[in-house]
Amino acid sequence: MQNGSQRRIHVSTDDFPEEKRLAMWRELYGRGITQLEIEPISDVTFHADVTFNLLPNVSIAAGACSPAHYRVTRELLKDASDIVVVSILRSGEASATQFGQELIGGVGSACMLSGADPSLSTLHTDGSFITLALSRPAIAELAPDFAAAFGKPIPADDPALRLLIKYLDTVLAADELADPNVARSVSAHILDLVALVLGARGENAEMAIGGARAARLKALKTDVMTMLGNNDLSSELIAGRHGISSRYVRKLFEQEGTSFTAFVLSERLGRVRRMLSEIRYAHLTIAQIAHACGFNDISYFNRAFRRHFGATPTDVRGDAAKTTPRAP
């Protein structure tokens, strides 16, 4: 478990000679990283592709594998770290057993495993997953009764679990985790969300909810950024995509000292300015760029741009042209 550093590691059986693929995966992934015994249960050539993000107090493994048993044995536990594991099934059919209990309830569900006790996890088909290895002391500080979740599946319709998955999808798709400050913040948000999933109560819940709101807002902002060119972009549209009310979307932005509308406008204007400054968009008119960034009313766009930047779009494009090196 990482305490102050962060790393991203991608491991794929495609990088290994086919005849040595399983043996090398067992050695690298099964013993070197996760302390697992791996036993394929299919006649097809074994394959796996996993990306690890190692953050302070949180390690994330996300990827896909062919059918196999993954066993944690008493022998392997001798070298185990002080962790708890939250495993989320993203696709395929799987099962997990610990303390004699069946723990996975289907795609989108999750389970928590004790890192100090034997367990068996099985992918019965090709499947994908996200597995979190969390510092036991760190999660115990937020959810002192976390052990009550051992032996119980976490259903796919659990609201806190759905938010955790959306947040993980957001941060794993970005390249921001290499920054130490971002890594610490993401780690804290993940721990907060897991604490809510595990049923944090009272003062601990209030602390976790603050982190959950920050994680939710980040997920909303990321979604907004992918849809800036959509003329129909609204708080109602974003709310529907995240399964929450538009009022709650607006409230989250207001708690940050802005509004949904102001955030969208600022990001759209920023995108226009960047495009006006890049030579690869020089063939587009200013109106075409504005439309591509979600502006329908060009008069309104021009007024908003000048008010925001203190210069007209034509000024910005002209200044960029002056500083662009000319081909000899």
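Trainee: Which term applies to Arg 306 and Arg 307 of α10, buried or exposed?
Mentor: Arg 306 and Arg 307 are exposed, a term that requires over 50% relative accessible area, whereas buried means under 20% and partly exposed in between (1.4 Å probe, protein chains only). This is a predicted model, in which local features need pLDDT of at least 70, side-chain atom pairs count only at pLDDT 80 or more, and totals for chains, interfaces and linings use all residues. Residues are numbered from 1 along each chain as its sequence is written, and side-chain values use heavy atoms, without hydrogens and water.

Trainee: What span does α10 reach, and what is expected?
Mentor: Helix α10, residues 298–309, has 12 residues and reaches 16 Å from first to last C-alpha, close to the expected 16 Å. The expected span is 1.5 Å times one less than the number of residues. A helix here is a DSSP run of H or I of at least four residues, numbered from the N terminus.

Trainee: Which residues of α10 are buried?
Mentor: Phe 301, Ala 304 and Phe 305 are buried. The buried residues of α10 fall within an arc of 100° seen down its axis, so they line one face; the arc is taken over directions from the helix axis to the C-beta atoms.

Trainee: Why does Gly 229 count as it does at 35% relative accessibility?
Mentor: Gly 229 counts as partly exposed because its value is 35%. Gly 229 is in the loop between α5 (202–226) and α6 (235–242).

Trainee: What is Gly 229 in contact with, leaving aside neighbours within four places in sequence?
Mentor: Gly 229 is in contact (heavy atoms within 4.5 Å) with His 291, Ala 292, Cys 293 and Gly 294.

Note on methods
Helix = DSSP H or I, 4+ residues; strand = E, 2+ residues; numbered from the N terminus.
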